[in-house]
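This report describes how the parts of a protein model meet one another, with attention to paired charges. Please examine the sequence and structure below before reading on.

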Protein chains: 2
Amino acid sequence: MPLTLEQINAADRAEATRLLDGLYEHSPWIAEAALAQRPFRSLSHLKQAMADVVRAAGEDRQLALIRAHPELAGKAMVARTLTSESTDEQSRAGLAHCSPQEFARLQQLNADYNARFGFPFILAVRGPRGTGLARQQIIETFARRLENPADFERAEALRNIHRIVELRLNDKFGVEPALGHLVWDWQESLAQHSDPGYADKGQLTVTYLTDAHRAAARQLVADMRECGFDEVEIDAVGNVVGRYRGAAAGARYLLTGSHYDTVRNGGRYDGRLGIFTPMACVRELARAGRRLPFGIEVVGFAEEEGQRYKATFLGSGALIGHFNPAWLEQKDAAGIPMREAMRDAGLPATLEAIAALRRDPSRYLGFVEVHIEQGPVLNELDLPLGIVTSINGGVRLQCEVTGMASHAGTTPMDRRRDAAVAVAELALFVEQRARRDGDSVGTIGMLEVPSGSINVVPGRCLFSLDLRAPDDPQRDAMVADVLAKLKEICTRRGLRFVVEETMRAAAAPSAPDWQQRWERAVEALGVPLYRMPSGAGHDAMKLHEVMPQAMLFVRGQNSGISHNPLESTTSDDIDLAVRAFQRLLEDLAREQPAA
Amino acid sequence: MPLTLEQINAADRAEATRLLDGLYEHSPWIAEAALAQRPFRSLSHLKQAMADVVRAAGEDRQLALIRAHPELAGKAMVARTLTSESTDEQSRAGLAHCSPQEFARLQQLNADYNARFGFPFILAVRGPRGTGLARQQIIETFARRLENPADFERAEALRNIHRIVELRLNDKFGVEPALGHLVWDWQESLAQHSDPGYADKGQLTVTYLTDAHRAAARQLVADMRECGFDEVEIDAVGNVVGRYRGAAAGARYLLTGSHYDTVRNGGRYDGRLGIFTPMACVRELARAGRRLPFGIEVVGFAEEEGQRYKATFLGSGALIGHFNPAWLEQKDAAGIPMREAMRDAGLPATLEAIAALRRDPSRYLGFVEVHIEQGPVLNELDLPLGIVTSINGGVRLQCEVTGMASHAGTTPMDRRRDAAVAVAELALFVEQRARRDGDSVGTIGMLEVPSGSINVVPGRCLFSLDLRAPDDPQRDAMVADVLAKLKEICTRRGLRFVVEETMRAAAAPSAPDWQQRWERAVEALGVPLYRMPSGAGHDAMKLHEVMPQAMLFVRGQNSGISHNPLESTTSDDIDLAVRAFQRLLEDLAREQPAA
């Protein structure tokens with residue numbers, strides 16, 4: 001008999017602790033302490049309460065928790081002294097059937113890992129969809145994590161423990177994140193299409209209007225049709241558009257979606273999660289035969305990443321009438337103009353057809369977008385969802401400082417014009433200045449002393465600046481301070497500098513009422529509410545120019561790594577995103593007068 | 001009638017001022033103020049006194065002095081309103097015969113320069129040997145100096161003014177730096193030999209045992225023979241050795257010399273000045289038929305720069321029995337082993353022959369070496385000569401800091417592991433720490449975020465460290481502090497680092513009695529005494545291991561640039577070096593009992 005949350009909420013403390021036994025390995029104190037937070041409003045709430053207990057327990061108890069776990073394919077497995085849960089998990093991952101080489105490799109990794117960190121390697125060997133990770137994936141992850149800084153790896157071990165508990169909880173309560181699995185399967189299926197030259201290395205690359213890109217569009221069309229959208233089409237720039245009509249003819253639409261193109265060697269969730277999440281909602285509505293007082297228009301944007309052509313946000317831009325006519329003549333690396341690529345894809349490739357994609361904002365309620373976070377914050381805080389307060393505005397600069405190259409041995413310290421030390425001084429200022437705002441970020445991502453020699457004082461130093469903040473005045477104040485500091489440093493040190501602005505993007509603060517809708521939806525799931533700016537740019541920035549918008553972030557695994565095949569999330573987190581979207585739709589339906 | 005120093009010293013102030021008229025352009029106040037330093041012991045002393053007046057005059061009067069000069073080929077030349085000295089100088093440089101293109105280019109440069117710096121471009125258009133610079137050289141120098149930082153260029157203008165005055169003084173007093181010119185001509189003649197592929201670009205490259213290198217050796221042999229050396233030979237490693245015997249058979253020798261190989265695209269004075277300076281002294285002795293109580297052995301070392309083969313200090317090393325047998329098998333970029341290069345050069349190429357070069361230190365008084373400074377110090381202080389207190393000991397390290405690459409937009413400042421900012425922090429520490437010692441130097445010459453992107457927080461940063469100090473304990477304390485700081489930074493920031501030591505060279509402090517001999521020689525010339533460490537390594541480091549040594553530095557023009565075709569000095573400074581060497585010989589002769 002699966003457990004219910006009602007049982008846990010009703011039982012006395014000892015009984016509830018017994019019912020929750022076997023979640024945190026050999027550590028019943030965690031569930032016991034979490035019971036103080038009853039009544040639990042959802043499984044998410046219970047998970048969060050337990051994660052909070054671990055977080056508050058301090059380093060010593062956290063280490064004890066980690067050390068309570070068995071090694072992977074280690075002595076305990078061989079001696080059959082694992083807990084039944086671990087036995088089940090390790091055997092599902094096929095660890096009992098390692099080849100002698102695999103077994104030897106795992107033993108070596110166990111020994112190296114333990115020597116380096118002083119605790120056993122812990123990995124949720126049941127994968128993000130709950131199915132087993134392949135042995136090879138486990139070994140690769142093991143080797144990769146051996147390179148992590150020690151404090152980071154301790155946190156990573158705890159995150160894996162929480163994930164193991166999440167999977168054990170699902171078993172104990174007999175629940176499945178069904179909508180999360182649905183989206184998961186769509187994601188996997190869509191990820192089969194990848195541009196040649198990348199696909200064969202197991203990498204995902206889908207750039208604008210390639211064969212893989214068009215195959216992906218066709219699959220989105222098919223998936224949308226199967227969901228029960230009323231109209232599905234590929235528009236003049238390659239966007240896949242699905243419309244699910246409202247209850248009354250002429251009802252306005254909620255616009256939503258994200259992009260399906262990827263960077264080269266990218267992740268499978270970036271963008272796509274924001275197409276599939278509302279698709280799952282529409283599928284549920286259609287299956288129930290329900291119409292809302294408004295329609296839902298889901299757009300899979302064809303282009304956001306600017307990889308094949310320098311035409312970032314081409315897909316969402318077209319919906320607000322932004323399309324640079326010069327783009328049509330722009331050539332890709334193989335010399336193919338965009339116009340030709342469009343014709344090959346069966347698109348009209350005329351400015352008229354593209355201009356016709358422009359939406360009339362009065363026909364829309366607003367725009368919402370679900371996106372994987374692409375950052376470490378939710379992952380580190382053990383939170384599945386985040387409310388976006390603003391898409392940060394950014395400025396990018398390419399800079400050069402020129403001093404005088406001179407002999408490293410013969411030029412006294414007080415006679416140098418060292419370009420690199422000047423940039424070093426600026427780097428520390430940028431760090432400090434961004435930190436002072438709390439939610440600004442500043443990065444020197446490119447840094448180079450061109451043709452530097454070990455015995456030559458740097459005469460030149462090239463570097464980039466990327467400065468972002470949740471609103472434009474905050475960003476501009478930071479940019480001004482950084483440039484003033486650069487000038488001050490160079491004047492004091494007798495250097496010259498050149499700065500070229502290569503990008504300036506306005507911030508897109510969330511519309512307060514739409515942000516509140518996301519907040520109510522997340523709270524209703526019993527998930528803690530966490531507000532955060534979006535450091536990365538998103539399609540919502542474009543729609544922001546013509547209608548209210550707000551975004552929801554979903555936690556990424558592996559520290560939120562993105563633009564990388566290691567980008568990952570879980571069915572459980574996706575499931576929460578779908579259910580949050582459903583709540584938002586219900587909320588909105590209650591607000592709208594039936595037409 | 002040329003002026004004499006006695007006249008200046010004897011005249012009353014008004015008369016002496018009149019006699020010195022026409023040195024500093026339209027600025028008689030400088031000579032007048034310098035007269036307070038009378039009696040002048042030498043022309044050097046007078047020059048120094050005037051340079052000190054300019055230095056003490058402050059920025060406003062310095063600018064007025066600079067602005068008192070005419071533009072090169074400017075309106076004043078066209079309108080014939082130049083001072084007679086300027087007319088003479090500009091016409092010697094052929095500026096009155098510019099082509100229309102050259103004239104137009106000079107006018108543009110004048111305009112750009114004036115707009116940038118607010119004063120006219122000043123160049124001692126009579127070259128370092130006193131002959132005219134070619135118009136093309138003038139235009140190139142003009143264009144190059146337009147790129148200088150403003151404060152640096154102001155100092156450069158003043159240095160050129162001092163040089164113009166030096167040449168005017170020679171005219172006024174009817175003196176010629178005859179020994180300086182002699183060495184100058186030897187230098188020019190030797191610089192005709194350059195390795196192919198460089199020579200045709202007007203660059204000087206003479207690497208170990210190439211055709212150019214062997215031609216240079218033959219020329220040194222011929223020049224030494226002409227000087228009157230008793231024995232001249234090319235030894236088993238290609239060193240050119242000249243011996244001028246002492247008064248008595250069996251007298252000990254003073255060993256001296258430097259290297260005649262160069263770096264690729266190098267300067268013509270680096271090394272060679274230390275061969276020619278004592279050659280000029282021997283020539284004077286031989287012409288006078290004089291023998292000293294000791295012999296003089298001048299060695300032109302065949303290899304110091306380690307360019308063709310990684311075998312730095314091969315030439316001087318052979319004299320102290322240092323020769324790595326593996327070097328014979330080492331191949332150059334074209335695959336030619338050193339053994340084969342030696343045979344091609346007619347050398348025995350056996351370890352026995354090389355071992356036989358080892359000197360018996362008891363047969364030598366000590367080793368002295370004259371070298372161009374290869375640094376900016378003497379140039380900036382308007383000093384022609386410097387006394388070396390020690391050849392700095394150095395440690396070189398190649399380092400890597402590893403953090404975690406992450407999204408520059410989505411990773412909050414407090415969640416970063418930015419490898420580059422950590423290195424930036426270290427760079428500032430190195431600067432501060434070296435400065436604290438006063439005479440240590442520390443440099444990060446190579447610095448790179450590999451494959452950095454504008455929007456990615458650097459996960460790795462590679463850099464080099466070059467740390468030098470006048471003695472080994474001081475150097476080691478600095479190295480230890482820098483590495484401790486690196487560790488502290490990385491621990492605090494959660495990063496890892498790897499450090500590889502690639503070089504460690506012991507310091508070579510000058511033998512006090514030999515350093516004092518140089519000091520007495522320099523003081524006797526009326527040149528201010530300035531002590532300084534040598535930041536670069538020199539052949540004297542090798543001889544240091546078996547006998548006392550001390551070095552004399554000669555000012556380099558162009559901020560002491562070296563390992564560059566712009567490396568330069570003047571006949572006047574070389575002349576002072578030869579005369580200092582003569583004084584040292586006399587001093588030493590007085591100390592030695594006649595055998």
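A residue is called buried when its relative accessible area is under 20%, exposed when that area is over 50%, and partly exposed in between. The model discussed here is predicted. At 26% relative accessibility, A:Asp437 therefore counts as partly exposed.

**Charge pairs within one chain**

Side chains of opposite charge can pair when their charged atoms come close. A:Asp437 takes part in such a pair, since its side chain forms a salt bridge with that of A:Arg433 at 3.1 Å, N to O. The two residues are four apart in helix 18 of chain A, so about one helical turn separates them. In contrast to its partly exposed partner, A:Arg433 is buried, with a relative accessible area of 4%.

A further pair lies in chain B, where B:Asp466 and B:Arg468 form a salt bridge whose closest N and O atoms are 2.7 Å apart. B:Asp466 is buried at 1% relative accessibility, and B:Arg468 is also buried, at 8%. Salt bridges with shared partners also join A:Glu425, A:Lys485, A:Glu488, A:Arg492, A:Arg493, B:Glu431 and B:Arg435 into one network. Over all chains, the structure holds 102 salt bridges.

**The domains of chain A**

Chain A is divided into domain 1 (5-173), domain 2 (183-376 + 532-581) and domain 3 (393-505). The contact between domain 1 and domain 2 of chain A involves 11 residues of the former and 12 residues of the latter. The centres of these two domains, taken over C-alpha atoms, are 35 Å apart.

About 910 Å² is buried between domain 1 and domain 2 of chain A, and carbon and sulfur atoms give 43% of that area. One salt bridge is counted between the two domains; A:Arg163 and A:Asp572 form a salt bridge with their closest N and O atoms 2.8 Å apart. There are also two residue pairs in polar contact between these domains. On the side of domain 1 of chain A that touches domain 2, helix 4 (43-56) and helix 10 (150-173) each supply at least two residues. Helix 10 of chain A gives the most to this side, with six residues. By type, the residues of this side of domain 1 are two nonpolar, two polar and seven charged.

**The interface between the chains**

The size of an interface is often given as the accessible area lost when the parts come together. For chain B and chain A, this buried area is about 5200 Å², with 60% of it on carbon and sulfur atoms. B:Met413, B:Arg415 and B:Ile454 supply 15% of the area that chain B buries against chain A, more than any other three residues. The contact takes 64 residues from chain B and 65 residues from chain A.

Eight salt bridges and 16 residue pairs in polar contact are counted between the two chains. On the side of chain B that touches chain A, the largest share, nine residues, comes from helix 18 (residues 419-437) of chain B. This side of chain B divides into 27 nonpolar, 19 polar and 18 charged residues.

The table lists two salt bridges with a partner in each chain.

| Residue in chain A | Residue in chain B | N to O distance |
|---|---|---|
| A:Arg496 | B:Glu147 | 3.2 Å |
| A:Glu431 | B:Arg493 | 2.6 Å |

A:Glu431 lies in helix 18 (residues 419-437) of chain A and B:Arg493 in helix 19 (residues 472-493) of chain B, so this pair joins two chains. Both A:Glu431 and B:Arg493 are buried.

How values were computed: Residues numbered from 1 in each chain as written. Chains lettered and ligands numbered in written order. Predicted model: local features only at pLDDT ≥ 70, side-chain atom pairs only at ≥ 80, totals over all residues. Heavy atoms only, no water. Domains from an automatic or database assignment. Contact = heavy atoms within 4.5 Å. Buried area = accessible area lost by both parts, 1.4 Å probe. Salt bridge = Lys/Arg side-chain N within 4 Å of Asp/Glu carboxyl O. Polar contact = N/O pair within 3.5 Å; in protein donor to acceptor, adjacent residues only side chain to side chain. Nonpolar A, V, L, I, M, F, W, Y, C, P; charged D, E, K, R; others polar. Buried < 20%, exposed > 50% of the residue type's maximum accessible area, 1.4 Å probe, protein only.
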